[in-house]
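Q: Please take a close look at one part of this structure. Start at the metal and work outward, residue by residue.

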Amino acid sequence: MKFLTNLRRHAAARPALLILALLVVGLGYSVVSPQQSSAETEMTQQIEEGKALFDFTCSSCHGLGGEGTSQGPSLIGVGAAAVDFQMGTGRMPAAREQAQLPSRKVNYSQEQIEAVAAYVATLGAGPEIPAESAYTPEGLTEEEIARGGALFRANCSACHGIVGGGGAMPNGKYAPSLVETDAVHIYEAVRTGPQQMPTFSKDVMPDESVREIIGYLDEAHEQPNYGGLTMGDAGPVSEGFWAFILGIGGLAIVATWIAKKGARAR
Ligand code: HEC
Ligand code: HEC
């Protein structure tokens, strides 16, 4: 206390304080203000880029303002998540009329996809592209993954099969296999309901439940399957072969994991 009082009484204290205050304000301003405005221009730039790409690639079917044509539905209110899903799995842009568009090789960068998504989001509010924390299966407990399995069997397996291997639908359509699907696209499919798939809102299925389902699928598709379900049709030789590969591979992975963990602990 005595030290502080002495300091305050010092002749230079006031001017020094004033200079300090000015410095703080000035620095604060120069740090905050240009950042804000550059983030804003980046946003509008992204939307403009997205609109240009949309007008060129998508508007022939979805209309110049995304209002839809006889060739494609309106995209007003489908949200950024629907665009990220449709373009990110290679379904869009559709090449031609088909009962169902298969997922294909993606010819656009994630940046381009996000630009189109940002533009479509300006047409009407809809589900957003989720943050990674909403869909990453990382950190889920065994109990949560088991709950994900129960949720999947109750809500999804009627169409997609018990472990997400896919299944036939009426009129020659199908619910695709989910073995190769990225976590983010699983999340987006749940929120946007492509084609005959129902849309699950956050009220019906909170983010945590979607994450648990993703965790279940992740685990189900990671684990070697000795049941003979997905081993092709080459019979016991192929099964033995796969058992060997998966067994040894699995052991190798476990060994590496243990070694890594040990190294980290040290
Ligand atoms: C050749 C016509 C055609 C082109 C080109 C096309 N689409 Fe589509 N799009 C369709 C049709 C038809 C559907 C509905 C069938 C379906 O959902 O699979 C559709 C559905 C969609 C959906 C799903 C809408 C919903 O309700 O969830 C999105 C999102 C979409 N398109 C985005 C795009 C984007 C973005 C582009 C450009 C990169 C594009 N499409 C190019 C025909 C087209
Ligand atoms: C009524 C049947 C039905 C139900 C129930 C259903 N789906 Fe689907 N799902 C579909 C169909 C049909 C498609 C293909 C849509 C397309 O190709 O545009 C699909 C597509 C998907 C895709 C995209 C896969 C890919 O090709 O990359 C994912 C992921 C998905 N569903 C997850 C789920 C999950 C998770 C649930 C449960 C919460 C669920 N679905 C419930 C019918 C269903």
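A: Met92 is partly exposed, with a relative accessible area of 22%. The model is predicted. Met92 coordinates the iron atom of ligand 1 through SD. His62 is the partner, and its donor is NE2. These iron–donor distances run from 2.0 to 2.2 Å.

His62 has a relative accessibility of 9%, so the residue counts as buried. The cut-off for buried is under 20%. Met92, at 22%, is therefore partly exposed.

Now the geometry. The iron atom of ligand 1 has six donor atoms. Angles among these donors span 85 to 179 degrees. The site is octahedral.

His62 sits in helix H3, residues 59-62. Met92 is in the loop between helix H4 (79-88) and helix H5 (110-123). The two residues are 30 apart in sequence, so the pair ties together separate parts of the chain.

The loop that holds Met92 has another feature. Met92 is joined to Pro93 by a cis peptide bond. Omega there is about 0 degrees. Pro93, too, belongs to the loop between H4 and H5.

Next, the shell. Ligand 1 is surrounded by 18 residues. The closest are Cys58, Cys61, His62, Met92 and Gln195. By class, 13 of the shell residues are nonpolar and five are polar. No charged residue is in the shell around ligand 1. H3 and H4 each supply at least two residues. H4 gives the most, with four.

Two polar contacts of ligand 1 stand out for discussion. A polar side-chain atom of His62 is 2.8 Å from a nitrogen atom of ligand 1. For Gln195, a polar side-chain atom is 2.8 Å from an oxygen atom of ligand 1.

Gln195 deserves a pause. This residue is in the loop between H9 and H10. Its phi is positive, about 50 degrees, although Gln195 is not a glycine. Its relative accessibility is 47%, so Gln195 counts as partly exposed.

That loop leads to the second iron. Met197 is also in the loop between H9 and helix H10 (207-222). Its SD coordinates the iron atom of ligand 2. NE2 of His160 coordinates this iron as well. The distances are 2.0 to 2.2 Å. Here the six donor atoms subtend angles of 82 to 178 degrees, which makes the arrangement octahedral.

His160 belongs to helix H8. It is 37 residues from Met197, and the pair links distant parts of the chain. With a relative accessible area of 11%, His160 is buried. Met197 has a relative accessible area of 22% and is partly exposed.

The shell of ligand 2 has 23 residues. Arg91, Cys156, Cys159, His160 and Met197 come nearest. In this shell, 16 residues are nonpolar, six are polar and one is charged.

Consider the polar contacts of ligand 2. Arg91 places a polar side-chain atom 2.9 Å from an oxygen atom of ligand 2. His160 has a polar side-chain atom 2.8 Å from a nitrogen atom of ligand 2. Thr181 has a polar side-chain atom 3.2 Å from an oxygen atom of the ligand. The elements that give two or more residues to this shell are H8, strand S2 (174-175) and helix H9 (183-192). H9 gives the most, with three residues.

The record touches this second site. An unreviewed UniProt entry lists Cys156, Cys159 and His160 under "binding site". Cys156 is found in the loop between helix H7 (142-155) and helix H8 (157-160). At 13% relative accessibility, Cys156 counts as buried.

One backbone detail remains. Asn171 has a phi near 60 degrees, a positive value in a residue other than glycine. It lies in the loop between strand S1 (167-168) and S2. Asn171 is exposed, with a relative accessible area of 73%.

Back to the starting point. Met92 coordinates the iron atom of ligand 1 together with His62. Met92 is partly exposed, whereas His62 is buried. A cis peptide bond follows, between Met92 and Pro93.

Definitions and conventions: Residues numbered from 1 in each chain as written. Chains lettered and ligands numbered in written order. Predicted model: local features only at pLDDT ≥ 70, side-chain atom pairs only at ≥ 80, totals over all residues. Heavy atoms only, no water. Donors = N, O, S within 2.8 Å, 3.2 Å for Na, K, Ca; no water. Tetrahedral: all angles 85-135°; square planar, octahedral: opposite > 155°, others 65-115°. Buried < 20%, exposed > 50% of the residue type's maximum accessible area, 1.4 Å probe, protein only. Near = heavy atom within 4 Å. Polar contact = N/O pair within 3.5 Å; in protein donor to acceptor, adjacent residues only side chain to side chain. Nonpolar A, V, L, I, M, F, W, Y, C, P; charged D, E, K, R; others polar. UniProt positions renumbered as here; feature names shortened; annotations may be inferred.
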